[in-house]
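Got your viewer open? Load the model below, switch on the cartoon, and keep the selection box handy.

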Amino acid sequence: METKQAITALAALAQESRLAVFRLLVQAGPSGMVASKIAEELAIPASSLSFHLKELTRADLIVPTQDGRFIIYATNFAVMNQLLAFLTANCCGGNPCTPVLGMQCTSNEAAAAEAIEQT
């Protein structure tokens, strides 16, 4: 992922309603949801939701698919994973990260200092 694409995606997510929509669609999985269901779940007026869906689509974070009379919105998981990879590239200066309710970075120096403290 290029820096410009990451900035566009992060800007789209940097708004409370859009972040809520994106998280709801991630929970919905690949099958996605119709706009009316999203509006109902999040109590967002249709006119506002339309704007937020457009912004998330423009950032390529969600993909609209026509299904008869309805448009189903689903997370673009490939782009989501690219964004996560971009954000975590070179995590912890190349040292392994230990996931514990989040990422905790350990450096060789910190591990050595901890080993010395324990002796």
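Is glutamate 55 buried or exposed? Select it and show a surface: its relative accessibility is 13%, below the 20% cut-off, so glutamate 55 counts as buried. Bear in mind that you're looking at a predicted model.

Now add arginine 58. Its side chain meets that of glutamate 55 in a salt bridge, 3.3 Å from N to O. Both residues belong to helix 4, three residues apart, about one turn of the helix. Unlike its buried partner, arginine 58 is exposed, with a relative accessible area of 56%.

**The helix pair**

Next, select residues 16-28 and 46-58, which are helix 2 and helix 4. They pack with their axes 10 Å apart, at an angle of about 70°, and are therefore roughly perpendicular to each other. To see the contact, show Ser17, Arg18, Val21 and Phe22 on the helix 2 side; they meet helix 4 residues including Phe51, His52 and Glu55. Colour that contact by class and you get six nonpolar, two polar and two charged residues.

**The lysine 37 network**

Hop over to helix 3, residues 35-42, and put sticks on lysine 37. Lysine 37 has a salt bridge with glutamate 40 at 3.9 Å and another with glutamate 41 at 3.2 Å, N to O. Glutamate 40 sits three residues from lysine 37, while glutamate 41 is four residues from it. The shared partner joins Lys37, Glu40 and Glu41 into one network. As for accessibility, glutamate 40 is exposed at 58%, whereas lysine 37 is partly exposed at 33% and glutamate 41 is partly exposed at 44%. The structure holds four salt bridges.

**Positive phi stops**

Most residues other than glycine have a negative phi, so here are a couple to click on. Alanine 43 has a positive phi of about 55°; look for it in the loop between helix 3 and helix 4, exposed at 68% relative accessibility. Then try aspartate 60, with phi near 65°, in the loop between helix 4 and strand 2. Aspartate 60 is partly exposed, at 31%.

**The strands**

Finish on residues 62-67, strand 2, which pairs with strand 3 in the antiparallel sense over six bridges. Two residues lie between the strands of this hairpin, where glycine 68 takes a positive phi near 65°. Now centre on isoleucine 72 in strand 3: threonine 65 stands opposite it, and isoleucine 72 is also the bridge partner of valine 34. Strand 1 (33-34) is joined to strand 3 by two bridges, and the two run antiparallel.

Note on methods
Residues are numbered from 1 along each chain as its sequence is written. This is a predicted model: local features need pLDDT of at least 70, side-chain atom pairs count only at pLDDT 80 or more; totals for chains, interfaces and linings use all residues. Side-chain values use heavy atoms; hydrogens and water are left out. Axes are lines fitted to C-alpha atoms, for helices over the stretch in contact, and angles run from 0 to 180 degrees between N-to-C directions. Angles under 35 degrees count as roughly parallel, over 145 as roughly antiparallel, 65 to 115 as roughly perpendicular and the rest as oblique. Contact means heavy atoms within 4.5 Å. Ala, Val, Leu, Ile, Met, Phe, Trp, Tyr, Cys and Pro count as nonpolar, Asp, Glu, Lys and Arg as charged, and the others, Gly among them, as polar. Two strands pair if DSSP finds at least two bridges between them. Buried means under 20% relative accessible area, exposed over 50%, partly exposed in between (1.4 Å probe, protein chains only).
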